[in-house]
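Please look through the sequence and the model shown below, and then follow the report as it moves from one helix to the next.

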Amino acid sequence: MDEQRARIVIADHLALPVASISDDADFLALGADSLDMVSLTMRLEEEFNTHIPDDGVEDCRTVGQAIAMLRTSLAAPA
């Protein structure tokens with residue numbers, strides 16, 4: 001999985017510089033609300049052609065957690 005591509009998608013979606021999208025960056029601190037998280041999840045699913053389960057999104061607080069969740073969804077059988 002291309003983690004840098006995921007960071008670029010996140011940065012673009014939140015209109016932030018890629019440099020601010022570190023693994024420990026908290027989505028709330030980055031200005032993302034629950035609606036942003038839903039639309040960001042959909043954008044990542046589209047970009048990586050995968051499905052991210054809704055239950056994981058609710059617990060996702062950091063960029064690192066989002067990337068781990070994306071990695072898990074990509075590794076799951078289709």
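Helix H4 has 13 residues, which at 1.5 Å a residue should span 18 Å, and its end C-alpha atoms are indeed 18 Å apart, so the two values agree. The expected span of a helix is 1.5 Å times one less than its number of residues, and helices here are DSSP runs (H or I, at least four residues), numbered from the N terminus. This is a predicted model, in which local features need pLDDT of at least 70 and side-chain atom pairs count only at pLDDT 80 or more, whereas totals for chains, interfaces and linings use all residues. Residues are numbered from 1 along each chain as its sequence is written, and side-chain values use heavy atoms, with hydrogens and water left out.

The buried residues of H4 are Val 63, Ala 66, Ile 67, Met 69, Leu 70 and Ser 73. Around the axis they cover an arc of only 160 degrees, which puts them on the same side of H4; the arc is that of the directions from the helix axis to the C-beta atoms. Buried means under 20% relative accessible area, exposed over 50%, and partly exposed in between, with a 1.4 Å probe and protein chains only. The face of H4 turned away from its buried side carries the exposed residues Thr 72 and Ala 75. An α-helix has 3.6 residues a turn, so residues three or four places apart point the same way.

What covers the buried residues of H4? The cover includes H1, H2 and helix H3 (54–59), where contact means heavy atoms within 4.5 Å.

Helix H2 can be described in a similar manner. H2 has 15 residues and reaches 21 Å from its first C-alpha to its last, close to the 21 Å expected at 1.5 Å a residue. Its buried residues are Met 37, Leu 40, Thr 41, Leu 44, Glu 45 and Phe 48. Seen down the axis of H2, these buried residues fall within an arc of 140 degrees, so they line one face of the helix, and they pack against H1, H3 and H4. On the other side of H2, Leu 35, Met 42 and Glu 46 are exposed.

At the N-terminal end of H2, Asp 33 acts as a cap, with a side-chain oxygen 3.1 Å from the backbone nitrogen of Leu 35. Ser 34 lies in H2 and is exposed, with a relative accessible area of 61%. For Ser 34, an unreviewed UniProt entry lists "modified residue: O-(pantetheine 4'-phosphoryl)serine", although such annotations may be inferred rather than shown by experiment.

Two residues other than glycine with a positive phi are set out here.

| Residue | Phi | Place | Relative accessibility |
|---|---|---|---|
| Ala 15 | near 55 degrees | loop between H1 and H2 | 69%, exposed |
| Asn 49 | near 50 degrees | loop between H2 and H3 | 71%, exposed |

The last topic is the nonpolar core, a set of buried Ala, Val, Leu, Ile, Met, Phe, Trp, Tyr and Cys residues joined through side-chain atoms within 4.5 Å. Of the 22 residues in the largest nonpolar core, Ile 10, Phe 27, Leu 30, Leu 44 and Val 63 touch the most other members. The elements that give two or more residues to this core are helix H1 (3–14), helix H2 (34–48) and helix H4 (63–75). Leaving aside residues up to four places away in sequence, Leu 44 touches Ala 6, Val 9, Ile 10, Ile 52 and Leu 70.

Note on methods
Polar contact = N/O pair within 3.5 Å; in protein donor to acceptor, adjacent residues only side chain to side chain.
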